[in-house]
Amino acid sequence: MFCSYCGKKVADTDKFCKECGAEIKKTAEVVDPVAETENTQVESNEVQTKKFSGKAIAGFVLSLAGIVFAGMICGIIGLILSSIALKNIKNNENLRGKGLAIAGLVISIIDIVIMIIYYGMF
């Protein structure tokens, strides 16, 4: 039996592919991975790979940079990018990175609060 996602051979008792982690669905039809790769047409039932949202990654990285380098500007930009990314991910099912976007939002808010407290002391 073969994984319908990556084409690697899996045991009949496996529930998940050990190579890519995809769920193994038991079907009556035998899938030949060589024939599948030779077919160049995109089928409607083909599994599509979700792409990471670049804004989610950038928002997360900037929010971390704001904490590490004590920069409110990084925190604000990280907050904006993370919130835009979260909205885009909710509206587009082919994007992933919701966890990064949420983490970017939380860290950005913490960064901004720390900077407000810090600058309020001086």
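Helix 2 (54-68) and helix 4 (98-121) each supply at least two residues of a nonpolar patch. The model is predicted. The patch lies on the surface and covers about 660 Å². Its members are Ile-67, Val-68, Phe-69, Ile-102, Val-106, Ile-110 and Ile-114. Helix 4 gives the largest share, 4 residues.

Take Ile-102 as one member of the patch. This residue sits in helix 4. Is Ile-102 buried, partly exposed or exposed? Its relative accessibility is 39%, so Ile-102 counts as partly exposed. Buried would require under 20%, and exposed over 50%.

Now turn from the surface to the interior. The largest nonpolar core has 6 residues: Ala-56, Ala-85, Leu-86, Ile-89, Ala-101 and Leu-105. Helix 3 (72-91) and helix 4 each supply at least two of them. Which helix provides the largest share of this core? Helix 3 does, with 3 residues. Helix 4 thus appears in both settings: it supplies at least two residues to the surface patch and at least two to this core.

Leu-105 belongs to the core and shows what packs around one of its members. Leaving aside residues up to four places away in sequence, Leu-105 touches Leu-79, Ser-82, Ser-83 and Leu-86. Of these contacts, Leu-86 is itself listed in the core.

A further core lies apart from this one. It has 5 residues, including Cys-3, Val-10, Cys-17 and Ala-22.

Notes
Residues are numbered from 1 along each chain as its sequence is written. This is a predicted model: local features need pLDDT of at least 70, side-chain atom pairs count only at pLDDT 80 or more; totals for chains, interfaces and linings use all residues. Side-chain values use heavy atoms; hydrogens and water are left out. Patches are made of residues with over 30% relative accessible area and no salt bridge: like charges are joined within 9 Å, nonpolar side chains (Val, Leu, Ile, Met, Phe, Trp, Tyr) within 5 Å. Accessible areas come from the Shrake-Rupley method with a 1.4 Å probe; for residues, only the protein chains shown count as cover. A salt bridge is a side-chain nitrogen of Lys or Arg within 4 Å of a carboxyl oxygen of Asp or Glu. Buried means under 20% relative accessible area, exposed over 50%, partly exposed in between (1.4 Å probe, protein chains only). A nonpolar core is a set of buried Ala, Val, Leu, Ile, Met, Phe, Trp, Tyr and Cys residues joined through side-chain atoms within 4.5 Å. Contact means heavy atoms within 4.5 Å.
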